[in-house]
Amino acid sequence: MKKSNFVLFADCIPVKGTNRSIISDTKNNTYFFIPNALYDILEKCNGKTIEDIKKEFNYEYDEIIDDYFDFLISNRLGFFSLNPNLFPKISTEWSSPCSITNSIIDFDEVNHDFENLIHQLENLKCSYIQLRFYKKIELNYIKRIVRFLERIKSRIVYIDFIVPFYENFILDELNAFISENNRVHSIIIYDAPFDKSYSPINSDMGYVVLVERNVLNEKSCGVINSEYFYSNIKLFSESQYHNTCLNKKISIDKEGYIRNCPSMPQHFGNIKDTTLKQALSQPDFKKYWNVTKDMIEVCKDCEFRHICTDCRAYTEQTYFDGEIDLSKPLKCGYNPYTNEWSEWSANPLKKNAIEYYSMQELVK
């Protein structure tokens, strides 16, 4: 093997942080921590023999490099080949023919004309929607929504429901409903008596999650933690050029105002008198679509930046480039300079931002 060339699998992509790096395994939706020294080796010497790599880096102890490559092989992150040129890097180009790829619709006291909104989203070629309810609803209401999508042969591929807990939710009935409706990606039930994640019965169906945390309003959004990391080539590629939360998104808040995200301060009209297409055509609607993690303070030094989502609605309010807010997301407790996680709301440096967004009650 020493005379063969080592090749990192094309779908295993290294990302360098300040103190450490990761290899994002975009095929298996996972990642592996590696030292920055190994990142440098992979970037400079991928496709070379281990003997050539040792000469290139002039390590005093060859065992270190041997350990590195034992780790890579044992975790199936690469292989040896006599013809490394036959294995080019994977493309991270990203494009979409859709005007909108995803949408969030919030429901509370105002009853939106859901069917009209879906027809508008169809025209924008939207394929994913998330419906968030701040009032209790019956399972039959969810069923009517899904049946409508079936009836019109909607292009919506996935739909997520975020709903408050109520006693009549029966797990067997939920599982049966999800197993019969492939469009339902998840049903997340908040303000539940306990946390519980129910694995899908088969790989083709969605899942049910119960969470104790209460979702008071749209200010509950924007939390950044490792549970929300997605190591797939679609997100990884999109993150190179666009904002992974706001790009090609359109939302309707609980009062009917059209926004890029329901939590964003600026709206672009109300669905009562403005179409989604009209809102989308306004100059500022796409203001943050191309703000990548590589542009955001602190995030640009983080090893997780290409598998993490972003939040421009709630930030630390510390750095602006003109009218563009490039501050770190407020609800992120990770420090890439120490590689430690902490509770974001307990950080005294975030106190002013918490007060600015009137989140005192949410933090409690």
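Which backbone oxygen does the side chain of Asn 102 reach? In this predicted model, the partner is the backbone oxygen of Lys 248, at 3.3 Å. Asn 102 belongs to strand β6, which covers residues 102-107. With a relative accessibility of 14%, Asn 102 counts as buried, because the cut-off for that class is under 20%. Leaving aside residues up to four places away in sequence, Asn 102 touches Cys 126 and Tyr 128, and also Cys 245, Asn 247, Lys 248, Lys 249 and Ile 250. Lys 248 therefore appears both among these contacts and as the residue whose backbone oxygen the Asn 102 side chain reaches, a pair of atoms that falls within the 3.5 Å limit for a polar contact.

The aromatic residues come next. The structure holds 21 aromatic pairs. One of them joins Tyr 334 and Trp 341, whose ring centres are 4.9 Å apart. Their planes meet at 45°, so the pair is classed as tilted; stacked would need an angle under 30 degrees and edge-to-face one over 60. The two residues also have their own accessibility values: Tyr 334 is buried, at 2% relative accessible area, whereas Trp 341 is partly exposed, at 38%. Both residues are members of one aromatic cluster, which also includes Tyr 31, Phe 33, Phe 229 and Phe 304.

Rings also take part in arrangements with charged groups. The ring of Tyr 198 has the charged end of Lys 196 over it, 5.7 Å from the ring centre. For Tyr 134, the charged end in question is that of Lys 254, which sits over the ring at 5.7 Å from its centre.

Notes. Residues are numbered from 1 along each chain as its sequence is written. This is a predicted model: local features need pLDDT of at least 70, side-chain atom pairs count only at pLDDT 80 or more; totals for chains, interfaces and linings use all residues. Side-chain values use heavy atoms; hydrogens and water are left out. Rings of Phe, Tyr and Trp (its six-membered ring) pair if their centres lie within 6.5 Å; planes under 30 degrees apart count as stacked, over 60 as edge-to-face and the rest as tilted. Buried means under 20% relative accessible area, exposed over 50%, partly exposed in between (1.4 Å probe, protein chains only). A charge sits over a ring if NZ of Lys or CZ of Arg is within 6 Å of the ring centre and within 35 degrees of the ring normal. Helices (H or I, at least four residues) and strands (E, at least two) are DSSP runs, numbered from the N terminus. A polar contact is a pair of N or O atoms within 3.5 Å; within protein, one must be able to donate a hydrogen and the other to accept it, and residues adjacent in sequence count only if both atoms are side-chain atoms. Contact means heavy atoms within 4.5 Å.
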